[in-house]
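Reader: I should like to learn how the features of a structural model are read. May we work through one case together?

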Amino acid sequence: MRGIILLGAPGSGKGTQAKKLSASYAVPQVSTGDMLREAVKNGTEMGRQAKGFMDRGGLVPDEVVIGIVKDRLGAKDCEKGFILDGFPRTIPQAQALDRVVKELGKEITGVLSLEVDEGEIMERLCGRRTCAGCGAMYHVRFNPPKGEGKCDKCGGALFQREDDKEETIRARLVNYKKSTEPLIDYYRGTGKIRSVKASGNIDTIFANITKILQ
Ligand code: AP5
Ligand code: MG
């Protein structure tokens with residue numbers, strides 16, 4: 001059983017590395033950001049509540065995200081493990097996660113803190129493109145698709161996220177520092193956290209992560 005948490009600022013590469021880990025270990029990527037965007041797209045009650053917070057670069061209330069993660073980790077495909085991407089993001093979320101994994105008879109086996117400079121983050125997020133069909137991620141400069149605006153894997157249209165505007169990115173970074181960075185100390189107390197240099201080549205970063213997790 002693998003229960004992995006990817007911690008890191010917006011644009012640190014959580015989604016990129018979570019997808020690679022998910023494929024390599026055959027366990028699902030559990031991204032609260034993706035689940036919330038799906039709820040917004042589908043116009044559910046939760047999506048309507050979350051949208052305002054997300055558009056401003058703020059955090060969605062703890063009880064909302066804790067509820068979705070609890071349901072998701074209890075699903076059958078999480079039996080062999082999960083890669084948490086973007087959760088927990090506050091101390092109360094981390095405490096709730098501790099309770100949930102215990103209740104479900106699972107455990108957190110590793111926490112990786114992805115470290116990258118703020119200047120690089122801005123460049124990464126401003127150029128990010130996502131496939132509307134399969135969720136694959138690209139970057140106009142660092143990881144461009146073969147055909148402009150089209151996904152290499154499924155041919156779907158690529159879109160830019162609503163919250164990837166400079167001003168909103170700044171708000172997300174402020175919230176990261178205030179609410180999420182304290183989790184590094186929280187997990188230091190468990191002895192399970194390792195930091196990973198998350199700039200440079202995507203495959204090199206992935207190789208380092210895999211080495212650490214072994
Ligand atoms: P979420 O979707 O989690 O966004 P985020 O944390 O801001 O992180 P990102 O998805 O922007 O970045 P990433 O680290 O995944 O990087 P990526 O791999 O895409 O959350 C969105 C919103 O939802 C939040 O603001 C909040 O409102 C809400 N929310 C979600 N979870 C919540 C929670 N738990 N509690 C409360 N609210 C919550 O990479 C970025 C770009 O860089 C890509 O283009 C990629 O191709 C490129 N790239 C990646 N690695 C490299 C590399 N090594 N070199 C060059 N380019 C690279
Ligand atoms: Mg992401």
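Reader: Is glutamate 181 exposed, partly exposed or buried?

Author: The model is a predicted one. Buried means under 20% relative accessible area and exposed means over 50%, with partly exposed in between. Glutamate 181 has a relative accessibility of 31%, so it counts as partly exposed. Its place is the loop between helix 7 (166–180) and helix 8 (182–188). Between its C-alpha atom and that of isoleucine 91 the separation is 9.6 Å, although the two residues are 90 places apart along the chain.

Reader: How exposed is lysine 102, and where does it lie?

Author: Lysine 102 belongs to helix 5. With 71% relative accessibility, lysine 102 counts as exposed. Its C-alpha atom is 33 Å from that of methionine 137, with 35 residues of sequence separation.

Reader: In which loop does alanine 75 lie, and which exposure class does it fall in?

Author: Alanine 75 is found in the loop between helix 4 and strand 3 (81–85). The general cut-offs again decide the class: partly exposed lies between 20% and 50%. Because its relative accessibility is 28%, alanine 75 counts as partly exposed. Glutamate 162 is 87 residues away from alanine 75 in sequence and 29 Å away in space, C-alpha to C-alpha.

Reader: Let us turn to backbone geometry. What is the phi of alanine 26?

Author: Alanine 26 has a positive phi, about 55 degrees, although this residue is not a glycine. It sits in the loop between helix 1 and strand 2 (29–31). Its relative accessible area is 64%, so alanine 26 is exposed.

Reader: Which residues does a cis peptide bond join?

Author: Such a bond is recognised from omega. Here phenylalanine 87 and proline 88 are joined by a cis peptide bond, with omega about -5 degrees. Proline 88 lies in the loop between strand 3 and helix 5 (91–103).

Reader: How many residues does the largest nonpolar core have?

Author: A core of this kind is a set of buried nonpolar residues joined through side-chain atoms within 4.5 Å. The largest has 50 residues, and Leu73, Leu84, Leu97 and Tyr187 have the most contacts inside it. Helix 4 (residues 62–73) provides the largest share of this core, 5 residues. Apart from it lies another core of 5 residues, including Cys131, Ala136, Tyr138 and Leu158.

Reader: Which residues does leucine 73 touch?

Author: Leaving out residues up to four places away in sequence, leucine 73 touches Val30, Cys78, Phe82, Leu84, Leu97, Val100, Val101, Leu104 and Lys106.

Reader: Which residues come nearest to ligand 1?

Author: A shell is best read first by its members, then by its polar contacts. Around ligand 1 there are 35 residues, of which Thr16, Gly58, Arg89, Arg128 and Arg172 come nearest. By type, the shell divides into 15 nonpolar, 12 polar and 8 charged residues. Helix 2 gives the most to this shell, with 4 residues. Among the elements that each supply at least two residues are helix 1 (14–25), helix 6 (118–126) and strand 6 (137–139).

Reader: Which atom of glycine 58 lies 2.5 Å from an oxygen atom of ligand 1?

Author: A backbone N or O atom of glycine 58 lies at that distance. A backbone N or O atom of glycine 86 lies 2.9 Å from a nitrogen atom of ligand 1. A polar backbone atom of tyrosine 138 is 2.9 Å from an oxygen atom of ligand 1. Of the 1000 Å² of accessible area that ligand 1 has on its own, the protein covers 97%.

Technical notes:
Residues are numbered from 1 along each chain as its sequence is written. Chains are lettered from A and ligands numbered from 1 in the order in which they are written. This is a predicted model: local features need pLDDT of at least 70, side-chain atom pairs count only at pLDDT 80 or more; totals for chains, interfaces and linings use all residues. Side-chain values use heavy atoms; hydrogens and water are left out. A residue is near a molecule or strand if one of its heavy atoms lies within 4 Å of it. A polar contact is a pair of N or O atoms within 3.5 Å; within protein, one must be able to donate a hydrogen and the other to accept it, and residues adjacent in sequence count only if both atoms are side-chain atoms. Accessible areas come from the Shrake-Rupley method with a 1.4 Å probe; for residues, only the protein chains shown count as cover. Ala, Val, Leu, Ile, Met, Phe, Trp, Tyr, Cys and Pro count as nonpolar, Asp, Glu, Lys and Arg as charged, and the others, Gly among them, as polar. Buried means under 20% relative accessible area, exposed over 50%, partly exposed in between (1.4 Å probe, protein chains only). Contact means heavy atoms within 4.5 Å.
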